[in-house]
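Thanks for making the time this morning. I would like to walk through one model with you, beginning with its interior and working outward from there.

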Amino acid sequence: MIHYKIICRIIGTLLVIESLILLLCSLFPLLLKENDFFGFLASSLITACAGTAFLVYGKGTKNEISRRDAYVVVTVIWIIFSLFGALPYFISGYISSFTDAFFETMSGFTTTGATILNDIELLPHGLLFWRSLTQWIGGLGIVFFTVAVLPIFGLDDVQLFAAESTAPTHGKTHPRISVSGRWILVIYMVLTICCTVSLKLCGMNFFDSVSHTFCVISTGGYSTKNSSIAFFASHSIENAITTFMFLSGVNYSLLYFMLFKGKLKRMYRDTEFNWYFWVTITFIFIIAIGLIVKGSESPVDSLRHSAFQVVSILTTTGFTTTNYMAWPTLLWMILGLCMYPGACAGSSTGAMKNVRIVILFKTMRNEFSRILHPNAILPVRISGKVIPSSTKQSVLAFTIFYFGIILFSWLLFIALGLDLTTAYGSAISYIGNVGVTIGGNGNMNSCYMLPVAGKWFASMLMLVGRLEIFPVLLLLTPSFWKSR
């Protein structure tokens, strides 16, 4: 049975929080005398009124939440947050179409980073900050629910955690998920502060440092500049962002044990981290060698551009320092392959997650061994722990759904008028929350040319990818809504 009142109560509380954040953003036009103040003020009032209405409807309900309630909350709240988060763009008039405003906001909250804007630098500071802040909030994911909302109701946080995080994870920071959530928030804040200071020391102004940090740590990829990180033409800024993108792709639990417990050995003993590290190194050197062979750049520049773009795409951040579509076809096709694995589970990144890739490869290897030794017991181990059969089945199901959705989306984008390569690049980019793509849209171009239907479909595709497929698809099954 689904408890609609407690769902409305949680949604109402979150909308009130969103209205306060919108009100905070209105300080920028107020102080800088820019013209988006009314847009933020009106958006805040509308969002607050809607949140109050939800709270009134949910008043007096018991503090109980079922697993079904959790799946409804974590799916619906991303849509509602994006609907109301689109209002500042639309009301202020900087994005005239609500479809475009919703696309931009959903891309922000899901940390995808795709944009419909042709000239980002025309936006006032308030909207630029809100744009980056949506990614930082979206990168928090379950921590936002665990720390900001559930303690208000005294609710058990396990249900929401299970609903939003479906990837196989390991190495909890604390037996209680609520405590783990708070430690993850601490890690998130530490990375945010360190990245902001680093970018400021490298030459960015304070506003750009904060805005880009929000998008680096959340692995979102929005920039305040049309040419992304290439605008700054600074090797030190590129190196700092590359470092923090890579760190943001690491499982937060591992970062916790490294930073607060001094357990460095857990890093190199972790199967997923080792896979993530060596996949990153391998792709960097392959593309760097390709650029050196091409001869258009020096070996140092080739390695620098290769490292930045590989880390940016593997972590599904989507920042750019160069137009990689001008590289040889084989090299940008290899970058397309980087869109599949993503980084580590338990981070803010998208795509498949390396732990699933490792489980798939080890399972396939075992099947070859089973042919030679039919009676052998061949467990799959991750970081020394045996993976249960249910997890292997879940990974297999996820993989089938993932590639099935890519195929369906590819065909649909072709039907909507995109060319073969652009449609393929868009499909893997949106489902993987990568932001940049391959093909006609390229890495420097916006998504404004998508038809209206394509933008709404892409928005839902970003949501499906952000919630790792199952929570969204589960709501589409008739059995989910039955009483028993």
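Let me start with the largest nonpolar core, which has 136 residues, and in which the residues with the most contacts inside the core are Phe103, Trp130, Leu133, Ile241, Tyr402, Phe413 and Tyr430. The largest share of this core comes from helix H1, residues 4–25, which gives nine residues. I should say at once that what you are looking at is a predicted model, and everything that follows should be heard with that in mind.

Let me stay with Trp130 for a moment. Leaving aside residues up to four places away in sequence, Trp130 touches Glu18, Ile21, Leu22 and Cys25, and it also touches Phe40, Gly85, Pro88, Tyr89 and Phe109.

Helix H7 covers residues 125–140, and here a simple consistency check is possible. At 1.5 Å a residue, the 16 residues of H7 should span 22 Å, and the end C-alpha atoms are 23 Å apart, which agrees. H7 is also mostly covered, since 15 of its 16 residues are buried. Just after this helix comes Gly141, which takes a positive phi of about 60°.

Now the overall frame, for orientation. The protein has 23 helices and two strands, and of its 484 residues, 57% count as buried. If we take the contacts with a separation of 6 or more, residues 24 or more positions apart account for 73% of them. As for the outside, the protein exposes about 19,700 Å², of which carbon and sulfur atoms supply 69%.

Let me turn to the charged pairs. The structure holds eight salt bridges, and I will go through three of them with some care.

One of these is between the side chains of Glu238 and Arg304, at 2.6 Å from N to O. Glu238 lies in helix H13, residues 235–248, and Arg304 in helix H17, residues 299–314, so this pair ties together parts that are 66 residues apart in sequence. Are these two partners buried or exposed? Glu238 counts as buried, at 5% relative accessibility, and Arg304 is buried as well, with a relative accessible area of 14%.

Another salt bridge joins the side chains of Glu468 and Lys353, with an N to O distance of 2.9 Å. This pair links distant parts of the chain, 115 residues apart, with Glu468 in the loop between helix H22 (452–466) and helix H23 (470–475), and Lys353 in the loop between helix H18 (329–338) and helix H19 (354–372). Glu468 is buried, at a relative accessible area of 6%, and Lys353 counts as buried at 5% relative accessibility.

Glu468 also meets Arg356 in a salt bridge, side chain to side chain, at 3.3 Å from N to O. Arg356 lies in helix H19, while Glu468 sits in the loop between H22 and H23, so the pair ties together parts that are 112 residues apart in sequence. Arg356 counts as buried, at 2% relative accessibility. Going back to the earlier pair, salt bridges that share partners join Glu238, Asp301 and Arg304 into one network.

That brings me to the backbone. Most residues other than glycine have a negative phi. Which value does phi take at Glu468? Phi of Glu468 is near 60°, a positive value in a residue other than glycine. Asn433 gives another case, with a positive phi near 55°, again in a residue other than glycine. Asn433 lies in the loop between helix H21 (420–431) and H22, and at 1% relative accessibility this residue counts as buried.

Finally, the surface. Leu24, Leu27, Leu30, Leu31 and Leu32 form a nonpolar patch there, with about 500 Å² of accessible area together. Helix H2, residues 27–32, gives the most to the patch, with four residues, whereas Leu24 is found in helix H1. Leu24 is partly exposed, with a relative accessible area of 47%. Helix H1 is thus a good place to stop, as we met this helix at the start through its nine residues in the largest nonpolar core, and we meet it again here through Leu24 in the patch.

Terms used. Residues numbered from 1 in each chain as written. Predicted model: local features only at pLDDT ≥ 70, side-chain atom pairs only at ≥ 80, totals over all residues. Heavy atoms only, no water. Salt bridge = Lys/Arg side-chain N within 4 Å of Asp/Glu carboxyl O. Buried < 20%, exposed > 50% of the residue type's maximum accessible area, 1.4 Å probe, protein only. Contact = heavy atoms within 4.5 Å. Areas by Shrake-Rupley, 256 points an atom, 1.4 Å probe, with all protein chains shown as cover. Expected span 1.5 Å × (residues − 1). Core = buried A, V, L, I, M, F, W, Y, C linked by side-chain atoms within 4.5 Å. Patch = residues over 30% accessible without salt bridge, like charges linked within 9 Å, V, L, I, M, F, W, Y side chains within 5 Å.
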